[in-house]
Amino acid sequence: MKERKNDLSKQDKLIKGLAKYYGQDLFDYLEALEKETDEIHELLPCTKIKKEYSTELITPNFKGLLMDFVYEMVDDSYIHYEHYSGNLTHGNLTHTGRYDMELHEETGKPINTIIISTGNPNKSETECWIGKVNKYTPIRIIFLKKYPRDQRLKNVKIKIENNKKLTAFDILDLIFIPFLNTTKNSEEIVKEICGYVSKITKITTKQTKILTWGLWLTTEIFIKNPETLEKVRTMSTLKGQSINEKLHNREIELRQEGKQEEKTNMKNTIKTLENEGKTSDEILKTLKTTF
């Protein structure tokens with residue numbers, strides 16, 4: 001059970017990291033996935049991101065609520081992303097609905113929620129009735145297991161073998177393919193993907209960072225044998241460095257980015273509290289509980 005919880009935590013970390021560092025590209029990728037089905041989906045009012053928020057920035061007054069990620073769109077509406085690793089339950093939906101109500105109260109703006117799930121769509125709840133007349137339904141639920149991955153993997157492989165320039169969608173395919181639908185073993189798929197990585201010749205710095213981060217987590221989620229995990233990561237090279245080496249450098253960058261973001265958040269919080277007329281003791285107390 002502990003191992004299973006760790007895997008779910010890593011899935012959450014993966015989605016949150018991609019949402020934060022790949023912003024519009026991730027948004028567009030998920031939209032493209034949805035269009036591949038024959039299902040009719042409610043159109044999003046806006047698909048262009050104006051600003052990205054971490055939970056702490058957009059909801060400074062929330063107590064114990066840790067939303068996954070929020071985008072402010074160019075039409076001043078908000079897209080709220082929430083990720084669930086297991087099958088969706090009534091509890092998941094009420095939990096997400098509470099976030100939406102709090103966020104709407106905080107911002108006064110329309111909130112459109114997208115749930116990303118790696119669970120089974122046939123064993124998940126997609127709407128939540130609260131009483132006889134009140135129903136909560138996210139504007140969109142993306143079940144990754146609905147989408148076949150074999151052809152996607154084949155397409156990326158052909159591009160890599162022919163030294164073609166990879167797009168943002170190609171990079172995201174390499175990360176998301178293990179979570180999509182197939183009859184093949186996910187561990188073998190991950191090993192296959194890592195083998196392709198060593199053949200990539202045309203990749204940007206940003207793509208390298210995202211792919212390194214994504215593959216580190218997907219390999220750890222799907223490859224359970226420590227020796228196999230180390231071997232796969234070492235053999236997978238991006239521009240002359242193995243995934244392990246790239247990961248080490250990326251972790252240093254993320255720590256530095258996190259520290260800078262925390263400093264900025266703290267300064268903004270202090271300024272806000274000062275404008276509200278809070279005393280030094282009140283400000284200090286808030287900082288201790290927030291940071």
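# A tour from helix α5 to the central strands

Select aspartate 170 to start; its place is in helix α5. This is a predicted model, in which local features need pLDDT of at least 70, side-chain atom pairs count only at pLDDT 80 or more, and totals for chains, interfaces and linings use all residues. Residues are numbered from 1 along each chain as its sequence is written, and side-chain values use heavy atoms, with hydrogens and water left out.

Helices (H or I, at least four residues) and strands (E, at least two) are DSSP runs, numbered from the N terminus.

**Stop 1: aspartate 170**

Is aspartate 170 buried or exposed? Aspartate 170 counts as buried, at 9% relative accessibility. Buried means under 20% relative accessible area, exposed means over 50%, and partly exposed lies in between (1.4 Å probe, protein chains only).

Now show its contacts, meaning heavy atoms within 4.5 Å. Leaving aside neighbours within four places in sequence, aspartate 170 is in contact with Val156, Lys159 and Lys165. Add lysine 157 to the selection. Its C-alpha atom and that of aspartate 170 are separated by 9.6 Å, and the two residues are 13 apart along the chain.

**Stop 2: asparagine 163 and the cavity**

Go to the loop between α4 (150–161) and α5 (168–176), where asparagine 163 is found. Asparagine 163 is partly exposed, with a relative accessible area of 39%. Check its backbone: phi is positive, about 55 degrees, although this residue is not a glycine. Most residues other than glycine have a negative phi.

Asparagine 163 also helps line the largest cavity, together with Lys159, Ile160, Lys164, Leu166, Lys199, Ile200, Thr201 and Lys202. On a 1 Å grid over the protein atoms alone, a cavity is a set of points where a 1.4 Å probe fits but cannot get out, and lining residues have an atom within 4 Å of a point. Grid points are joined across faces, edges and corners, and a volume is the space filled by probe spheres set on the points. The largest cavity has a volume of about 30 Å³. How many cavities of 30 Å³ or more are there? The count by this rule is one.

**Stop 3: the β2–β3 hairpin**

Select strand β2 (residues 69–73) together with β3: they pair in the antiparallel sense over four bridges. Two strands pair if DSSP finds at least two bridges between them. Pick tyrosine 71; its bridge partner in β3 is isoleucine 79.

β2 and β3 form a hairpin with four residues between them. Zoom in on aspartate 76, in the loop between β2 and β3. Aspartate 76 has a positive phi of about 75 degrees, although it is not a glycine. Aspartate 76 counts as partly exposed, at 30% relative accessibility.

**Stop 4: strand β3**

Highlight residues 78–84. Seven of the seven residues of strand β3 are buried, so the strand is largely enclosed by the rest of the structure. Look along β3: Tyr78, His80, Glu82 and Tyr84 point one way, and Ile79, Tyr81 and His83 the other way. In a regular strand the side chains alternate between the two faces of the sheet.

Pick histidine 83, which is buried with a relative accessible area of 5%. Not counting residues up to four places away in sequence, histidine 83 touches Gln11, Asp12, Ile15, Asp68, Ile116 and Thr118. The C-alpha atoms of histidine 83 and isoleucine 15 are separated by 7.2 Å, and the residues are 68 apart along the chain.

**Stop 5: across to β4 and β7**

Add strand β4 (residues 111–117), which pairs with β3 in the parallel sense over seven bridges. From β3 the chain crosses through helix α3 (residues 90–107) to β4, and this β-α-β crossover is right-handed. Right-handed means that, with the strands pointing away from the viewer, the path from the first strand over the helix to the second runs clockwise.

Within helix α3, find threonine 96. Threonine 96 is buried, with a relative accessible area of 0%. Beyond residues up to four places away in sequence, threonine 96 touches His80, Glu82, Tyr84, Thr113, Ile115 and Tyr136.

Next, add β7. Four bridges join β4 to β7, which run parallel. Isoleucine 114 stands opposite arginine 140 in β7.

**Last stop: the whole chain**

Zoom out. The protein chain has ten helices and nine strands. Buried residues make up 45% of its 291 residues.

Definitions and conventions
1 Å grid on protein atoms, 1.4 Å probe; cavity = no way out; pocket = protein on both sides within 12 Å on 5 of 7 lines; lining within 4 Å.
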